[in-house]
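The exercises below are to be worked with the sequence and the coordinates open. Each task is followed by a solution in steps.

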Amino acid sequence: MKTETEWAELCGLLPSWLEASRQQAAYGKPASYIPELAHAPADALGVTIMAPDGQKISAGECGHAFTLQSISKVFTLLLALMDQGEEGVFRKVGMEPTGDDFNSMLKLELVEPGIPFNPLINAGAIVISSLIRGKTPEEKTERILTFFRTIAGDASLTYNQAVYASESATAHRNRSLAYFLKDNRVLEEDVEEVLDVYFKHCSIEVNCHHIARMALVLALNGKEPDTGRELIPRRYVQIAKSFMITCGMYNASGEFAIRVGLPAKSGVAGGILALVPGKYGIGVVGPALNDKGNSVAGVHLLQTMSEACDWSIF
Ligand code: DON
């Protein structure tokens with residue numbers, strides 16, 4: 001539970017912490033391999049912290065709209081687990097970090113049996129998209145949207161058409177990963193249809209309040225904050241949080257665990273979803289990225305908050 005002293009300290013200090021972290025944005029730049037993402041304001045930084053009682057603290061550009069990108073992979077994994085069970089999912093993706101970039105294809109060929117190392121790298125998330133129940137890609141996308149709307153507490157959540165089209169037109173690397181997986185028979189469905197589902201869930205548009213709320217559901221082990229209703233089975237949240245610690249920040253996950261010590265997931269639009277177990281959901285956005293694809297100012301801000309409040313789970 002949150003303590004009133006900690007909450008008061010956060011309310012008082014968050015704006016100055018945010019302005020200090022904003023300076024770090026100068027050391028990164030917005031992703032441009034998806035052309036539409038390159039227009040994002042490089043020095044924007046926003047944060048929302050949400051407590052189980054519904055209280056929120058926000059600072060900076062917390063209303064800035066951005067696309068989930070890889071943050072969506074945590075929730076498609078959860079939906080795939082709910083659709084297929086652990087066995088169905090882990091026949092097709094592994095449980096280990098790679099130490100490589102998020103879009104690397106290196107280990108797919110190097111390590112038998114050629115299944116992606118984990119569900120948070122692109123190859124793994126594309127396989128996960130194929131495991132979502134639905135007769136057509138449209139039905140799968142609709143089920144993903146319905147699930148994400150419930151978790152985010154916003155029935156109007158949808159994908160950004162321009163970002164989707166921009167990624168779909170330029171995703172040569174993801175296409176090659178997917179066709180390789182098809183050749184290995186890891187991907188059994190039509191490649192373009194699976195990719196369409198993947199591009200659409202990566203393009204779902206949110207702000208910091210949405211991801212703080214999505215994080216809070218995970219912080220509460222799958223329970224809806226207002227009602228206590230189970231939205232996701234606890235065991236599956238446990239699996240997702242384990243992946244967030246070991247692979248959530250890709251090949252910077254070790255450093256993030258040491259410096260911040262919280263389950264988190266980043267996306268190339270600059271979002272980071274982080275959670276303090278049992279206590280808070282946190283949404284951060286800062287579009288300038290480091291060379292690992294994580295928000296530079298966002299990571300800095302999370303480190304400042306975690307150190308000041310002693311949030312590391314380790
Ligand atoms: O597939 C891609 O490359 C993007 N849609 C998502 C990658 C991503 O967000 C990696 N995160 N830091």
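**Exercise 1.** Is E167 buried or exposed, and how many other C-beta atoms lie within 10 Å? Place the residue in its element and list its contacts.

*Solution.* The model is a predicted one.
- Step 1: the count for E167 is 25 other C-beta atoms within 10 Å.
- Step 2: a residue is buried if this count is 20 or more, so E167 is buried.
- Step 3: E167 belongs to helix α6, residues 161-170.
- Step 4: with neighbours within four places in sequence left aside, the contacts of E167 are I34, F199, C202 and S203.
- Step 5: E167 is one of the residues under the annotation "binding site" in an unreviewed UniProt entry.

**Exercise 2.** Y250 carries the "binding site" annotation of the UniProt entry too. Find where Y250 is placed and which residues it touches.

*Solution.*
- Step 1: Y250 sits in the loop that runs between α10 (234-247) and α11 (253-259).
- Step 2: because 24 other C-beta atoms lie within 10 Å, Y250 is buried.
- Step 3: not counting residues up to four places away in sequence, Y250 touches D101, F102, K292 and G293.

**Exercise 3.** Describe the surroundings of strand β6 (residues 271-276) and its pairing with β5 and β7.

*Solution.*
- Step 1: six of the six residues of β6 are buried, so the strand is largely enclosed by the rest of the structure.
- Step 2: G271, L273 and L275 point one way, while I272, A274 and V276 point the other way.
- Step 3: β6 pairs with strand β5 (residues 264-266) in the antiparallel sense, over three bridges. Within this pairing, K265 has L273 as its bridge partner.
- Step 4: four residues lie between β5 and β6 in their hairpin, and G270 in the turn has a positive phi of about 105°.
- Step 5: β6 and strand β7 (residues 280-285) run antiparallel and are joined by six bridges. G271 of β6 is opposite V285.
- Step 6: the hairpin of β6 and β7 has three residues between the strands, and there G278 takes a positive phi near 75°.

**Exercise 4.** Which residues have the most contacts inside the largest nonpolar core? Relate one of them to the strands of Exercise 3.

*Solution.*
- Step 1: the core has 102 residues, and V47, I126 and A215 have the most contacts inside it.
- Step 2: helix α9 (residues 208-219) gives the largest share of this core, nine residues.
- Step 3: domain 1 (4-68 + 206-309) and domain 2 (70-202) each contribute at least three residues to the core.
- Step 4: A215 touches L273, A274, L275, G281, I282 and G283, residues up to four places away in sequence not counted.

**Exercise 5.** How many residues of domain 1 are in contact with domain 2? Break down the domain 1 side by element and by residue class.

*Solution.*
- Step 1: the centres of the two domains, taken over C-alpha atoms, are separated by 21 Å.
- Step 2: 33 residues of domain 1 are in contact with 30 residues of domain 2.
- Step 3: on the domain 1 side, α9, α10, β5 and β6 each supply at least two residues. α10 gives the most, with seven residues.
- Step 4: the residues of this side divide into 20 nonpolar, ten polar and three charged.

How values were computed. Residues numbered from 1 in each chain as written. Predicted model: local features only at pLDDT ≥ 70, side-chain atom pairs only at ≥ 80, totals over all residues. UniProt positions renumbered as here; feature names shortened; annotations may be inferred. Buried ≥ 20, exposed ≤ 12 C-beta atoms within 10 Å, placed from the backbone. Contact = placed C-beta atoms within 7 Å. Pairing = 2+ DSSP bridges. Core = buried A, V, L, I, M, F, W, Y, C linked by C-beta atoms within 7 Å. Domains from an automatic or database assignment. Nonpolar A, V, L, I, M, F, W, Y, C, P; charged D, E, K, R; others polar.
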